[in-house]
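Hi there,

Here's the structure I promised to pass on. Have it open while you read, and I'll walk you through what turned up.

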Amino acid sequence: MAAMSVAGRRIMYLVTLVLLLCSTTVFSAPAGSSGGSTSKPFGTCKHIYVRKEWRDMSILDRFNFLLAMNCILAKPGRTPRSIYAGAKTRYDDLVATHINQTFEIHYVGHFLPFHRYYTWTMEKMLRDEAGYNGSFPYWDWHRDVGQGNAKFFASPIWDPILGFGGNGDYLPVPVEQAAFAVPGRTGGGCVTNGAFKNMVVNLGPGSDFIGVPRCLSRDMSPYFSGRYLSKNQTKLTLQAANFYAFDVVVEGGPSFEASGVHGGGHYGIGGTLGTMGDLYVSPGDPAFWLHHANLDRVWWSWQKLNYPARLTDFGGPSCLMDYYVPGQTQACANATLDMPLNLGYADMIKANVGVKVRDVMNILDMCYDYDSVLDPATL
Ligand SMILES: *[C@@H]1O[C@H](CO)[C@@H](O)[C@H](O)[C@H]1NC(C)=O
Ligand SMILES: *[C@@H]1O[C@H](CO)[C@@H](O)[C@H](O)[C@H]1NC(C)=O
Ligand SMILES: *[C@@H]1O[C@H](CO)[C@@H](O)[C@H](O)[C@H]1NC(C)=O
Ligand SMILES: *[C@@H]1O[C@H](CO)[C@@H](O)[C@H](O)[C@H]1NC(C)=O
Ligand SMILES: [Cu+2]
């Protein structure tokens, strides 16, 4: 116990230090910000940053990542209060953008491109505004799911000291919600340990832009993750013949009976009462970035299975759930590679208006890569 409190005090000391650096240090301008409007909004890569699984990162990188994330959580944001009254921090700039566009960026063809750019933006913010220079982490679901509750809860991702903290205490769901509760949910209360135990979720719940400041909560369902994040589901996902089919299998249907890997992470961590289970405000849980980085890795893995052809394979509806059904008329045109992606006040490419889907099709253009890809033949 003595060792733990020494570690605890050291973390407190370093958090204080980073918060100080965070508010005073000026970092280099983002890539691409010097050339004005250009056909390459991400600029020329000076370095390709390689993303790694959380537990494969060095202890120092993990430590610094958590500190830098706390920096973004504390740093004053850019969203004017007159626009979103509850947005206070740089982190909230990202959450507000997600809430604002909830029904424009899910169950559409550009779901994956938007979230690729969105996750890249968090990485860029950590580097340019919080001084982080380590690997950006992803969560390789397969290491934790499908082997029972104990294995899931013991994941180093939830480490109470060098991790994102664990589940919340069990809370029953209100009677009127019981029929729609996430199967296998086990928590619902505040996260009480780890690097984010004191964080405040300012925006939401739901689409509330004034916001009810509250704790980060988790309502884990190892069962749900086991069902939708096991190797068999990833294999099915990677077997999709074209992007349209790939997007459909990743997102699944809007029900717990027809989820895909995307929902497997959201409801496996957030359940019914947790932050990750809230469609609007889910990026309010820092675990969101690990899940979405792995989702992005699954897309990159799929692209690599027929490379470079799949760098331009894109499609799907441009408005919510407007999927093509033979014999029926779609309400909107399909999404195209020229579809703009808008990050509002979270944007890290200030000098360039108009990042489009085509700009994010190749992660190497965005100056990052993954240390490994998945192959359905070996899953
Ligand atoms: C950041 O990391 C990269 C790759 O390890 C390295 O090349 C670069 O010099 C580092 N930058 C700083 C400021 O430490
Ligand atoms: C994958 O395995 C899980 C756990 O056994 C099961 O619940 C799920 O239905 C399977 N999914 C597919 C796509 O086979
Ligand atoms: C949208 O894409 C689907 C699948 O490629 C296609 O069958 C459909 O005709 C397209 N819809 C429109 C409105 O272009
Ligand atoms: C909210 O989203 C709309 C697109 O639906 C966009 O035009 C607007 O700029 C966004 N507002 C902010 C503050 O991000
Ligand atoms: Cu989302």
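Let's start with ligand 3: a side-chain N or O atom of Q330 sits 2.5 Å from one of the ligand's nitrogen atoms. Before going further, keep in mind that this is a predicted model. There's a second polar partner too, since an N or O atom in the side chain of N334 is 2.3 Å from an oxygen atom of ligand 3. Around ligand 3 you'll find Y324, Q330 and N334. How much of ligand 3 does the protein cover? On its own the ligand has 370 Å² of accessible area, and the protein covers 47% of that.

Now have a look at ligand 4. Its surroundings are made up of I83, Y84, N100, Q101, E104, N342, G344 and Y345. Two of these residues bring polar side-chain atoms to the ligand's oxygens. For N100, a polar side-chain atom lies 2.3 Å from an oxygen atom of ligand 4. For E104, an N or O atom of the side chain is 2.6 Å from an oxygen atom of the ligand. Taken alone, ligand 4 exposes 360 Å², and the protein buries 61% of that.

One of the residues around ligand 4 deserves a closer look, and that's Y84. You'll find Y84 in the loop between α2 (59-74) and α3 (90-100). Is Y84 buried or exposed? Its relative accessibility is 14%, so Y84 counts as buried, given that the cut-off for buried is under 20%. Try picking out G211 as well: Y84 and G211 are 127 residues apart in sequence, yet their C-alpha atoms are 9.0 Å apart in space.

Next up is the metal. Which residues donate to the copper ion, ligand 5? The protein donors are H98, H106 and H115, each through its NE2 atom, and they lie 2.1 Å from the copper. Along the chain these donors follow the spacing H-x7-H-x8-H. Both H98 and H106 are buried.

H106 also shows up in a database record. For "domain: Tyrosinase copper-binding", UniProt lists residues 106-123 and 285-296, in an unreviewed entry. In this model, residues 106-123 are 72% helix and 0% strand, with the end C-alpha atoms 21 Å apart. As for residues 285-296, that span is 83% helix and 0% strand, and its end C-alpha atoms are 18 Å apart.

Last topic: the disulfides. How many does the structure hold? There are three, and here they are one at a time.

The disulfide between C45 and C367 has its sulfur atoms 2.2 Å apart. The torsion about its S-S bond is about -85°, so this disulfide is left-handed. C45 lies in the loop between α1 (2-24) and β1 (49-53), while C367 lies in the loop between β6 (355-356) and β7 (368-370), so the pair ties together parts that are 322 residues apart in sequence. As for how accessible the two ends are, C45 counts as partly exposed at 28% relative accessibility, whereas C367 counts as buried at 12%.

Then there's the disulfide of C190 and C215, with sulfur atoms 2.2 Å apart. With -80° about the S-S bond, the link of C190 and C215 is left-handed. C190 sits in the loop between α6 (149-153) and β3 (200-201), and C215 in strand β4 (residues 214-215), which puts the two 25 residues apart. C190 is partly exposed, with a relative accessible area of 36%, and C215 is partly exposed at 27%.

That leaves C319 and C332, joined by a disulfide with an S to S distance of 1.8 Å. Why is the disulfide of C319 and C332 called right-handed? Because the torsion about its S-S bond is about 100°. Both C319 and C332 are in the loop between α11 (287-304) and β5 (340-341), 13 residues apart. C319 is partly exposed, with a relative accessible area of 21%. C332 counts as partly exposed too, at 27% relative accessibility.

Have fun clicking around, and write back if anything is unclear.

Cheers

Technical notes. Residues are numbered from 1 along each chain as its sequence is written. Chains are lettered from A and ligands numbered from 1 in the order in which they are written. This is a predicted model: local features need pLDDT of at least 70, side-chain atom pairs count only at pLDDT 80 or more; totals for chains, interfaces and linings use all residues. Side-chain values use heavy atoms; hydrogens and water are left out. Donors are N, O and S atoms within 2.8 Å of the metal (3.2 Å for Na, K and Ca); water is not among the atoms, so sites may look incomplete. Buried means under 20% relative accessible area, exposed over 50%, partly exposed in between (1.4 Å probe, protein chains only). A residue is near a molecule or strand if one of its heavy atoms lies within 4 Å of it. A polar contact is a pair of N or O atoms within 3.5 Å; within protein, one must be able to donate a hydrogen and the other to accept it, and residues adjacent in sequence count only if both atoms are side-chain atoms. Accessible areas come from the Shrake-Rupley method with a 1.4 Å probe; for residues, only the protein chains shown count as cover. A disulfide is a pair of cysteine sulfur atoms within 2.5 Å. Helices (H or I, at least four residues) and strands (E, at least two) are DSSP runs, numbered from the N terminus. UniProt positions are given in the numbering used here, feature names are shortened, and annotations may be inferred rather than shown by experiment.
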